[in-house]
Amino acid sequence: MLAAIDHVQLAAPPGSEDLLRRYYVGALGMAEIPKPPVLAARGGCWFRAGAVQLHLGIEGASGDGGAGFRPARKAHPGLRVTGIDAYAARLESHGAPVTWDDALPGHRRFYSEDPVGNRLEFLEPVVRTYGPDS
């Protein structure tokens, strides 16, 4: 029986770790977590915010300048946030693109991309308040 998602792994080109750290720690506010030594030798980096973990693994040969890497254009993690307007402003202040989308009923959401082109969805449920005349 499935109990939870442990982490989501995204791909990144060789040598992009510093860019990823600036984005995932600086813009998203996540903390970098150490990789086990045997996995750290492969490159990449792991990040956590609360129970959410995102692992960035290196894809493509180190000698090809990252030519073997192509970010997914459709696949993405959906990350639930609180204070979505402030969070969008935070990303924009770090130079990250923010594209709002109102196609999911009951939610406010936007899409963004990390510095290597991985698509990320950020969403917050809409809290409905009902007055005495509702």
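Trainee: Where is Ala96 found?
Mentor: This is a predicted model, and the position is read from it. Helix α3 covers residues 84–93, and strand β6 covers 99–101. Ala96 is found in the loop between α3 and β6.

Trainee: Is Ala96 buried or exposed?
Mentor: Buried means under 20% relative accessible area. The relative accessibility of Ala96 is 8%, so the residue counts as buried.

Trainee: Which residues does Ala96 touch, not counting residues up to four places away in sequence?
Mentor: Ala96 and Ser112 are 16 residues apart along the chain, yet their C-alpha atoms are separated by 6.7 Å. Ser112 is one of the residues that Ala96 touches. With residues up to four places away left out, the full list is Tyr23, Leu91, Ser112 and Glu113.

Trainee: What is the strand order in the open sheet of four strands?
Mentor: The pairing in this sheet is mixed. β5 (78–80) and β6 (99–101) each have a single partner strand, so they stand at the edges with one side left without a neighbour in the sheet. Neighbouring strands are turned by 30° against each other on average, direction ignored. The order is β5-β8-β7-β6.

Trainee: How many bridges join β7 to β8?
Mentor: β7 spans residues 107–113 and β8 spans residues 119–125. The two strands run antiparallel, and Phe122 in β8 is the bridge partner of Phe110. The number of bridges joining β7 to β8 is seven.

Trainee: At about what angle to β7 does helix α3 run?
Mentor: Helix α3, residues 84–93, lies across β6, β7 and β8. Its angle to β7 is about 10°.

Trainee: What kind of aromatic pair do Phe110 and Phe122 form?
Mentor: The structure holds five aromatic pairs. In the pair of Phe110 and Phe122, the centres are 5.0 Å apart and the planes meet at 25°. Planes under 30 degrees apart count as stacked, so the pair of Phe110 and Phe122 is stacked.

Trainee: Why does this pair tie together parts that are twelve residues apart in sequence?
Mentor: Phe110 is buried at 0% relative accessible area, and Phe122 is buried at 1%. The pair ties these parts together because Phe110 lies in strand β7 and Phe122 in strand β8.

Trainee: Which residues form one aromatic cluster?
Mentor: Phe110 and Phe122, the stacked pair, both belong to the cluster. The complete cluster is Tyr87, Trp100, Phe110 and Phe122.

Trainee: Which residue lies over the face of Tyr111?
Mentor: The residue in question sits at 4.0 Å from the ring centre of Tyr111. That residue is Arg119.

How values were computed. Residues numbered from 1 in each chain as written. Predicted model: local features only at pLDDT ≥ 70, side-chain atom pairs only at ≥ 80, totals over all residues. Heavy atoms only, no water. Pairing = 2+ DSSP bridges. Axes fitted to C-alpha atoms, helices over the stretch in contact; angles between N-to-C directions. Contact = heavy atoms within 4.5 Å. Buried < 20%, exposed > 50% of the residue type's maximum accessible area, 1.4 Å probe, protein only. Phe/Tyr/Trp six-rings, centres within 6.5 Å; stacked < 30°, edge-to-face > 60°. Lys NZ or Arg CZ within 6 Å of the ring centre and 35° of its normal.
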